[in-house]
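Here are a few notes to help you find your way around this one. Have a look at the picture, then read the points in order.

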Amino acid sequence: MIDRLYTYAATALVAAALAGAGAWRVQEWRWQANTAAADQQRQQAEAQARERRDAQAREQRATADRAAGEHAAALAALNTQLGDARARIAKLSDRRCLDAGTVGMLNAIGKPASGVGVRAAAGDAASAPPAAAGPADDAAAGYASERDAAEHIALCRASYAAVSGQLNQILDIEDARVKAAAVGQP
């Protein structure tokens, strides 16, 4: 009887060991299947996120290209208007409009105390060293004519329109980028 008891106990131990090994193997298979499914879901989510980012980048480039084209067209129209204005300004009289003190005060506006201001392009007349005052120099002559004042006003208006148009284009692009980023967020 005791021999049978040992046989049953040994059989039970072997069965328990086999059951434990089988359960261990089944759990390993389940873990591998769950891990593979999780990896596949993660890869799909990454691919979708990458596609969304690529689509947003394409949309931003298209918006920027469209804005650049619109800005170039606006600048061309602005240059045409400025050319027309200059032609009409040339017909104005050369009558004295502003005296030397007023011209000097207006020329001093915007000049930094340090002497370092906004740099002009290399080919721009503003980057050239100042010429000696001669009779053609309005400030040296002591006055600015109606023609001079109108020319400066036209240049200021054209420059303002160009810069404000470009700034608005930049703001539109940034608004579109922020809106696209907000839509893409979960």
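1. Let's begin with the charged pairs: a search of the whole structure turns up 6 salt bridges. Keep in mind that you're looking at a predicted model. I'll walk through some of these pairs below, then step back to the helix that holds them.

2. Take Glu28 and Arg25 to start. Their side chains meet in a salt bridge, with 2.9 Å from N to O. Both residues sit in helix H1, 3 residues apart, which is about one turn of the helix. Why does that spacing help? An α-helix has 3.6 residues a turn, so residues three or four places apart point the same way.

3. How open are these two to the outside? Glu28 is partly exposed, at 28% relative accessible area, and Arg25 is partly exposed too, at 41%.

4. Now move along to Arg42. Which residue does Arg42 pair with at 3.8 Å? The partner is Asp39, and that figure is the distance between the closest N and O atoms of their salt bridge. The two are 3 residues apart in helix H1, so about one helical turn separates them.

5. Arg42 has another partner as well: Glu46 forms a salt bridge with Arg42, and here the closest N and O atoms are 3.2 Å apart. This time the spacing in helix H1 is 4 residues, again about one helical turn. Through shared partners, the salt bridges join Asp39, Arg42 and Glu46 into one network.

6. What about the exposure of that trio? Asp39 is partly exposed, with a relative accessible area of 33%. Arg42 comes out at 40%, so it counts as partly exposed, and Glu46 is partly exposed with a value of 40%. As a general reminder, side chains of opposite charge can pair when their charged atoms come close.

7. Stepping back to the helix: H1 runs over residues 2–90, which makes 89 residues. How far apart should its ends be? At 1.5 Å a residue the expected span is 132 Å, and the end C-alpha atoms lie 128 Å apart, so the two figures agree.

8. Finally, which residues of H1 are buried? They are Ala49, Thr63, Ala67, His71, Leu78, Leu82 and Ile89. To count as buried, a residue needs a relative accessible area under 20%, so Glu28, at 28%, falls in the partly exposed class instead.

Definitions and conventions:
Residues are numbered from 1 along each chain as its sequence is written. This is a predicted model: local features need pLDDT of at least 70, side-chain atom pairs count only at pLDDT 80 or more; totals for chains, interfaces and linings use all residues. Side-chain values use heavy atoms; hydrogens and water are left out. The expected span of a helix is 1.5 Å times one less than its number of residues. Buried means under 20% relative accessible area, exposed over 50%, partly exposed in between (1.4 Å probe, protein chains only). A salt bridge is a side-chain nitrogen of Lys or Arg within 4 Å of a carboxyl oxygen of Asp or Glu.
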